[in-house]
Each structure stands twice: as C-alpha cells, then as structure tokens.
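Here is a friendly briefing on one protein chain. Have the sequence and the 3D view open as you read, and look up each residue as it comes along.

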Amino acid sequence: MAELTTLESLLEMGFDRNRAERAVANTGNQGIEQAMDWLMEHENDPDIDEPYVPPVENVQGGAADQSQSSTSVPTIEELAHETASEEDIQNAIDETNKRPMTEVEKHEQVKRLEELMRMKQAERRERERAEEVEREKMRRRQGQELQQIRQKLQDDDMKKLADQRRKEKMEDKMARQRVKDKIARDREERAQKFGGVGPSSTAVPVQPTQPSPSSPTSQGPPPTKKEYDESRIQVRLFDGSAITAVFKAQEPLAAVRVYVQMNSNMAEGQDFTMLSPYPRHVYTELDMEKPLKELGLVPSAVLVVTKK
C-alpha cells in the first residue's frame, strides 16, 4: 500500500505513470520526497520515457504487516517541531501512507508535495544561477589574465625596439666619430706634406699652379656632397592631420612606424601601411628594416598612412 500511495501521489501531481513507477522503484519506495528528487535529477535521462518493466522481486504482493496499530500517528509537522530525525519523519510518512486517506487528506498531501517540489525547483534554479555567476567570474578573470599577458608581450616588444634604437644610435655615433678622426688625420697629413716643401712662405701658393694628373690630392680634397645625419619626416594620418618628427638617418623605417603608432589617434591594433606620394612608392615589410638614408628619405620626406 505504501508503494501504491506514493505512486498515486506522484500521479496526482501530474507526473507521467512510467516516470513515477521508475522513481518509486529506483528509490526503493523510501517516500515521496526521495521519488521527487530522483525525478528532478533524472528528468533529462535518454531512457526516462521508455516502458518500465519492474524486476521480479519488486512485483507487488506479499503479506501486509497486520501488526500496525490503528492508533493515531504523529504528523510530519509534529515530528519536525519535536526535532525528530529524518528516519523518524520518513517512518511517519510511511505510516501515514499505510492508512486509508480521505479525499481531503489526499488533496492536502498533494498540496504539500507540490509546495515541496516548487521549493526544490527554486533551490535548483538558485544553485544554477550561482554556478553561472561563478562561471562568469572565471571567464572575466581569464580575460584579465589574457589581457595582462598581451600587454606584457607588447611592452617587451617596445622595450626591444627601444634597445635596438639605442644600439643603432650608439653605432651611428661611433661611425661619425671614426669619420671625424679620419678627416682630422687626413688634414694633419696634408699639413705635414705641404708644410715640408720649404721655409719660404711663397712655396705654398706656387704648388697648386703645377697640378699633376697622377696626384689629384695635391689640390686638396674635391668638394663632396653634404652628408645629412638626420631626417625630418612628416606623416599624414587617416583623418587628414599630420605629425612631424626628426629621426637619425641610420634609423630604420620601422622607427617611424612605431612613432606613428604611439603618437597618433588611431585605434589600438589598427594595421596600416606607409607610402611616399611623389614619386609614389608603397613601403613593404622588408623596407621597414632599411635605414631612412638608404630609402631616400633624408634630409626630409612626407609619408602618407593608408589602411591595409
């Protein structure tokens, strides 16, 4: 009778008979609460709606316990107020289920069970919301960690570029110093050469009047083209504005690109190319490693930024 009463209670609440029978059998007929918990936990099982075939040992029948007393049994509420254990409450439910129930009692029991089911569902929804909040926190935390990694990589790249620029500046400075030293030595050698002709002060101007074809250095070094060690670059941006900066002639074109990225109002991560309008020339990735002097951008040039 206990199994039948639990099954009937589930059917009264609107559960499918096949599911109700499965719940009663799988919970060992331990009560309506255990059956409801089982139904809510397994409602998405693929075989939940397959026809249920009860095991042989679960076939209803057998002698009913006739020794149960017909005296009044404490209600669930009374046991709860007396701080009874779960086992006592379950025994009270079983005793109640064994008694014949009136329609009013059945209706009240169904109402209590429906309320219990709503509470269970509310608890499950609350648990799912808490899990969703935790997943969102985890997602944001991972996003922040990824952003920090990206920022660190970008900072490392900028640091490497800055170190490279410092190294190139140092090499350029040393090269200029070597040129200056060589010019000084050449002047000293010429002074010694011309100064050793004779003590007469008129000997010096006479020498240039007798040029020797085989000795072009006798007239002094020929005029050379002025060497520029800096370049003034003006860059025109997408919105028509322009920025100007001065770079070393030996700096690569990549230095100009980095300057544009750091000092323009372009969006972060915006990819672009640079070109010379007159004559028109679009600079490639290989050109980025070449010095400004080699690219013909010394002593001044105008570059235009375009989107890729």
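The points below go from the whole chain to its sheet, and then to a helix and two loop residues. Please keep in mind that this is a predicted model. The chain has 8 helices and 5 strands, and it has 308 residues, of which 24% are buried.

**The whole chain**

- Reading along the sequence, you meet the elements in the pattern α-α-α-α-α-α-α-β-β-α-β-β-β.
- The accessible surface of the chain comes to about 22400 Å², and carbon and sulfur atoms account for 52% of it.
- Take the contacts between residues at least 6 apart in sequence: 60% of them join residues at least 24 apart.

**The sheet**

- In what order do the strands of the open sheet lie? The 5 strands are arranged 2-1-5-3-4, with mixed pairing.
- Strand 2 (242-248) and strand 4 are the edge strands, as each of them pairs on one side only.
- On average, neighbouring strands of this sheet are turned by 30 degrees against each other, direction ignored.
- As general background, strands of a sheet pair through backbone hydrogen bonds, either parallel or antiparallel.

**Strand 1 and its partners**

- Strand 1 (residues 230-236) runs antiparallel to strand 2, and 7 bridges join the two.
- Two pairs to look for are Gln-234, which stands opposite Thr-244 in strand 2, and Glu-230, whose bridge partner in strand 2 is Lys-248.
- The hairpin of strand 1 and strand 2 has 5 residues between the strands, and Gly-240 in this hairpin takes a positive phi near 95 degrees.
- Strand 1 also runs parallel to strand 5, with 5 bridges joining them; Arg-232 stands opposite Ser-300 there.
- Which side chains of strand 1 point to the buried face? Ser-231, Ile-233 and Val-235 point to one face and are buried, whereas Glu-230, Arg-232, Gln-234 and Arg-236 point to the other and are not.

**Helix 2**

- At the start of helix 2, a side-chain oxygen of Asp-16 reaches to within 3.0 Å of the backbone nitrogen of Asn-18.
- Helix 2 covers residues 17-26, and its buried residues are Asn-18, Ala-20, Arg-22, Ala-23 and Val-24.
- An α-helix has 3.6 residues a turn, so residues three or four places apart point the same way.
- After helix 2 comes Gly-28, with a positive phi near 65 degrees.

**Two buried loop residues**

- Ile-48 sits in the loop between helix 3 (32-41) and helix 4 (76-81).
- Is Ile-48 buried or exposed? Ile-48 counts as buried because its relative accessible area is 4%, and the cut-off for buried is under 20%.
- Beyond its neighbours within four places in sequence, Ile-48 is in contact with Asn-18, Arg-19, Arg-22, Trp-38, His-42 and Glu-43.
- One of these, Arg-22, is 26 residues from Ile-48 in sequence, yet the two are 8.0 Å apart in space, C-alpha to C-alpha.
- Asp-287 lies in another loop, between strand 4 (280-282) and strand 5 (300-307).
- With a relative accessibility of 8%, Asp-287 counts as buried too.
- Setting aside neighbours within four places in sequence, Asp-287 is in contact with Leu-253, His-281, Val-282 and Leu-295.

Technical notes. Residues are numbered from 1 along each chain as its sequence is written. This is a predicted model: local features need pLDDT of at least 70, side-chain atom pairs count only at pLDDT 80 or more; totals for chains, interfaces and linings use all residues. Side-chain values use heavy atoms; hydrogens and water are left out. Helices (H or I, at least four residues) and strands (E, at least two) are DSSP runs, numbered from the N terminus. Buried means under 20% relative accessible area, exposed over 50%, partly exposed in between (1.4 Å probe, protein chains only). Contact means heavy atoms within 4.5 Å. Accessible areas come from the Shrake-Rupley method with a 1.4 Å probe; for residues, only the protein chains shown count as cover. A polar contact is a pair of N or O atoms within 3.5 Å; within protein, one must be able to donate a hydrogen and the other to accept it, and residues adjacent in sequence count only if both atoms are side-chain atoms. Two strands pair if DSSP finds at least two bridges between them. Axes are lines fitted to C-alpha atoms, for helices over the stretch in contact, and angles run from 0 to 180 degrees between N-to-C directions.
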